[in-house]
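Subject: Structure handover

Hello,

Here is the structure I promised to pass on to you. Have a look at it first, and then read my notes below.

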Amino acid sequence: MTRLTSTMRVSALVRRAHQAGGSAMILAKGDPTGGAILVLLLDRGMNPRFRERGLGEAGRLIESGPVDADPVAAAEYWQRRRARDPDLWVVEVDVASGDRLADETIASG
């Protein structure tokens, strides 16, 4: 069974967000093969929240980071995480149903 690389997963998430009429951008590139992926979800540029793979319900990303953070606190959070883990990918996604899109693209496999 072929395992998707982090680069492929991130590229797919960005592409799917754009196809759904939203926006997505890579804030930090991590290890191309096995780097962890932290997804910063926004709702029209507001209400930042984080999701990443972890031990949780199968097929779903788990909540991570600050809850109800302002944009400055959200940026500080992912930058601290990135400073501790240079292999970490950070992807910002601003699209309707971003949680579902991230689950389908990043959590699977």
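**What I found**

Leu40, a good place to begin, stands opposite Phe50 in β3. Please keep in mind that this is a predicted model.

Leu40 also has a bridge partner in β5, namely Glu92. Behind these two residue pairs are two strand pairings of β2. With β3 (residues 46-52), β2 pairs in the antiparallel sense over five bridges. With β5, β2 pairs in the parallel sense, over six bridges. In general, strands of a sheet pair through backbone hydrogen bonds, in either a parallel or an antiparallel way.

The link between β2 and β3 is a hairpin, with two residues between the strands. If you look at the turn, you will find Arg44 there, with a positive phi of about 55°.

Now for the whole sheet. It is open and has five strands, in the order β1-β5-β2-β3-β4, with mixed pairing. The edge strands, each pairing on one side only, are β1 (23-28) and β4 (62-64). On average, neighbouring strands of this sheet are turned by 30° against each other, direction ignored. β1 runs antiparallel to β5, and five bridges join the two. One residue to look at here is Ala24, whose bridge partner in β5 is Val93.

How many of the seven residues of β2 are buried? Six are, so β2 is largely enclosed by the rest of the structure.

Two helices are worth finding next. Helix α2 (residues 71-84) lies across β1, β2, β3, β4 and β5, and runs at about 25° to β3. α3 lies across β2 and β3, running at about 160° to β2.

Which residues touch the most other members of the largest nonpolar core? They are Leu13, Ile37, Val39, Val91 and Val93, in a core of 17 residues. The elements giving two or more residues to this core are α1 (6-19), β2 (37-43), β5 (89-94) and α3 (98-107). Apart from this core lies another one of ten residues, including Ala28, Phe50, Tyr77 and Val90. Phe50 is thus a residue you have already met, opposite Leu40.

Ile37 deserves a look of its own. Leaving aside neighbours within four places in sequence, Ile37 is in contact with Ser6, Arg9, Val10, Arg51, Glu52, Arg53, Leu88, Trp89, Val91 and Ile106.

I hope this helps you find your way around. Do write if you have questions.

Best wishes

Technical notes: Residues are numbered from 1 along each chain as its sequence is written. This is a predicted model: local features need pLDDT of at least 70, side-chain atom pairs count only at pLDDT 80 or more; totals for chains, interfaces and linings use all residues. Side-chain values use heavy atoms; hydrogens and water are left out. A nonpolar core is a set of buried Ala, Val, Leu, Ile, Met, Phe, Trp, Tyr and Cys residues joined through side-chain atoms within 4.5 Å. Buried means under 20% relative accessible area, exposed over 50%, partly exposed in between (1.4 Å probe, protein chains only). Helices (H or I, at least four residues) and strands (E, at least two) are DSSP runs, numbered from the N terminus. Contact means heavy atoms within 4.5 Å. Two strands pair if DSSP finds at least two bridges between them. Axes are lines fitted to C-alpha atoms, for helices over the stretch in contact, and angles run from 0 to 180 degrees between N-to-C directions.
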